[in-house]
Amino acid sequence: MKKILALLSAISIIMTLAGCEKTDLPVMKSSSNPAKENISTENTEESSPPDNTEVTPPEGSDFLTTISASEPQRLLPEDIREYVADIHKWEYGNRLYNGDGTYDFDERYFSEFVDVETSAVLWRNYNENKTVLNEKYDPDAAVEFAKAHWDDDLDLCAPFISRCLRAGGLSIGSDSSTSLCLKLINSGLGFGQFVPINADKTVSLPDYAREGDIVQTYCPYEGLMLHSLIFVGNDENGDMRVCCHNYRNSGTYAFHTDRLCYDCSTPLTDVFYFHFYGEDEEVFTGSKDVMLFENSGYKFDETYDRRAAADYAEYCPADGVGEYGARHLTNCFLAGGISVGYPFQSALFMQLLKSRLGSAYTLPVNQNRTVYLPDFAEEGDACFIYCPEDAIMFSSFLISGNDEYGRMTAHSYDLLNNGRSAFKVDSICPGCDCEVDEVVFYHFDD
């Protein structure tokens, strides 16, 4: 009997030691990305490689601290602000405050720019199956409506422009100027570009501008479209005339922009101009992959440290959805040395476009909900999930690379991705339940 008890005791001790043994997590993969010659959505269950997206923490453990002794200690969420210096302040809605209640305007944001004169494609469509809005725009009807209703006291600026577009035969519309901008770009009916504001606060549009095109004032700090207008012609000096609501304008005189953002008092330097393709414009309609471009202006004079950004994302994993996701991606960028960031996904994306630190690419989501990245993708690039119904970016995260099958992997915690397994995109938008079939990938130029 004593021998049996001794044997059971020994077995119990062995099992206890085995249960306490710490298992090392696999090492995070660096920026090696196998080339994908063809980006395709044709993945069947038979041909698709096995997916292992979900990472389940050991029962009763904290995933933030379940790491091997050889890895650097992860930073807990409360340490994030200590890790990243020079972080933006976000309190009281959209306004930017210091701790003492005064406004915080990041002067280096406006001092570290370099002038550029070369054209740059800032957003390309890499989704061959992308649906282009199958509607025809009548700009004359839209302008006629605008001139008749500019002072009817119905709606604010974006809903008014949406009514103008509907009068012109389009179903594009939004209560938000930023969402309206994204819907216009994604419609495939034209292209957008940033146009500088003149010293006298007027705007001179390109020679190919035509009545019925859309103009929006833009805050470079917040990354938000502030006001929406419809172009109705030029005055005798070649400056644009517009019709709009709230800051009412009948289109009879040159439009003058505000000098400062009404929300955070940031100086305004550009407007966003969307031009609808005309049937006679073969030079534009021949490049359907160009969604947004800029032919002059400036770019950030900053260098992006991919490794530093990836280190932050790896050791400070966070949920990529919503406001906190945008804040976390901002922290990654700040850790990498660039001052791009705002706690709204769409605004963060617009800031990246305007920075000219790289370019965006619309990519399809495969049938098994994974994504193939272009062969030039690297660790430290970013990915945004786009809601086509509400025209917002509702999720974002830092890319860690590809798995062995060339599928995108990401640094994300609550989205259950460990930087090694193929990232799976939810099929339904959590906000409006629409189908999500594409993502927007942002690649930094090195």
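This report describes a predicted model of a protein, from its overall make-up and confidence to selected local features.

## Overall make-up and confidence

The predicted protein has 446 residues, of which 54% count as buried, and its secondary structure comprises 10 helices and 16 strands. Its exposed surface comes to about 20400 Å², with carbon and sulfur atoms supplying 50% of that area. Among the contacts with a sequence separation of 6 or more, 69% join residues that are 24 or more positions apart.

Confidence is not uniform along the chain: the mean pLDDT is 75, and 72% of the residues reach 70 or more. The highest confidence is found in helix α4, at a mean of 97, whereas the lowest is in helix α2 (residues 80-83), at a mean of 39. Over residues 1-109 the pLDDT stays under 50, although the model has 169 contacts beyond four places in sequence for this stretch. Where pLDDT is low, the predicted coordinates should not be read in detail.

## Aromatic pairs and a four-residue cluster

The count of aromatic pairs in the model comes to 19. In one of them, the ring centres of Tyr126 and Tyr361 lie 5.0 Å apart, and because planes over 60 degrees apart count as edge-to-face, the angle of 70° places this pair in that class. The two residues are 235 positions apart in sequence, with Tyr126 in the loop between β2 (120-125) and α4 (139-149) and Tyr361 in strand β11 (residues 358-364), and the pair thus links distant parts of the chain. Tyr126 is partly exposed, at 28% relative accessibility, whereas Tyr361 has a relative accessible area of 10% and is buried.

Tyr361 also pairs with Phe376, the ring centres being 5.2 Å apart and the planes at 55°, so that this second arrangement is tilted. Here the separation in sequence is 15 residues, from Tyr361 in strand β11 to Phe376 in the loop between β11 and β12 (382-387). Phe376 is partly exposed, with a relative accessible area of 27%. Together with Phe441, the residues Tyr126, Tyr361 and Phe376 form one aromatic cluster.

## A lysine over two rings

Lys354 is placed over the rings of two aromatic residues. The charged end of Lys354 sits over the ring of Tyr298, at 4.2 Å from its centre, and Lys354 also lies over the face of Phe194, at 5.1 Å from that ring centre.

## The enclosed helix α6

Helix α6 (residues 177-186) has 10 of its 10 residues buried, and it is therefore largely enclosed by the rest of the structure. The buried residues of α6 include Leu180, Cys181, Leu182, Leu184 and Ile185, and also Lys183 and Asn186.

At the start of α6, a side-chain oxygen of Ser176 comes to within 3.3 Å of the backbone nitrogen of Thr178. Just after the helix, Gly188 adopts a positive phi of about 75°.

## Buried polar side chains: Ser346 and Arg306

Ser346, in helix α10 (residues 345-355), has a relative accessible area of 10% and is buried. A polar atom of its side chain lies 3.0 Å from the backbone nitrogen of Met393. Setting aside residues up to four places away in sequence, Ser346 touches Ile392 and Met393 as well as Thr178 and Leu182, and both Thr178 and Leu182 are among the buried residues of α6.

Arg306 belongs to helix α8 (residues 306-315) and is likewise buried, since its relative accessible area is 10% and the limit for that class is under 20%. A polar atom of the Arg306 side chain lies 2.7 Å from the backbone oxygen of Phe444. Apart from its neighbours within four places in sequence, Arg306 is in contact with Glu378, Glu379, Gly380 and Asp381, and also with His443, Phe444 and Asp446.

## A buried tyrosine in a loop

Tyr277 is found in the loop between β8 (270-276) and α7 (282-285), where its relative accessibility of 17% counts as buried. Tyr277 and Arg210 are 67 residues apart in sequence, while their C-alpha atoms are 9.8 Å apart in space.

Key
Residues numbered from 1 in each chain as written. Predicted model: local features only at pLDDT ≥ 70, side-chain atom pairs only at ≥ 80, totals over all residues. Heavy atoms only, no water. Phe/Tyr/Trp six-rings, centres within 6.5 Å; stacked < 30°, edge-to-face > 60°. Helix = DSSP H or I, 4+ residues; strand = E, 2+ residues; numbered from the N terminus. Buried < 20%, exposed > 50% of the residue type's maximum accessible area, 1.4 Å probe, protein only. Lys NZ or Arg CZ within 6 Å of the ring centre and 35° of its normal. Contact = heavy atoms within 4.5 Å. Areas by Shrake-Rupley, 256 points an atom, 1.4 Å probe, with all protein chains shown as cover. Polar contact = N/O pair within 3.5 Å; in protein donor to acceptor, adjacent residues only side chain to side chain. pLDDT = per-residue confidence, 0-100.
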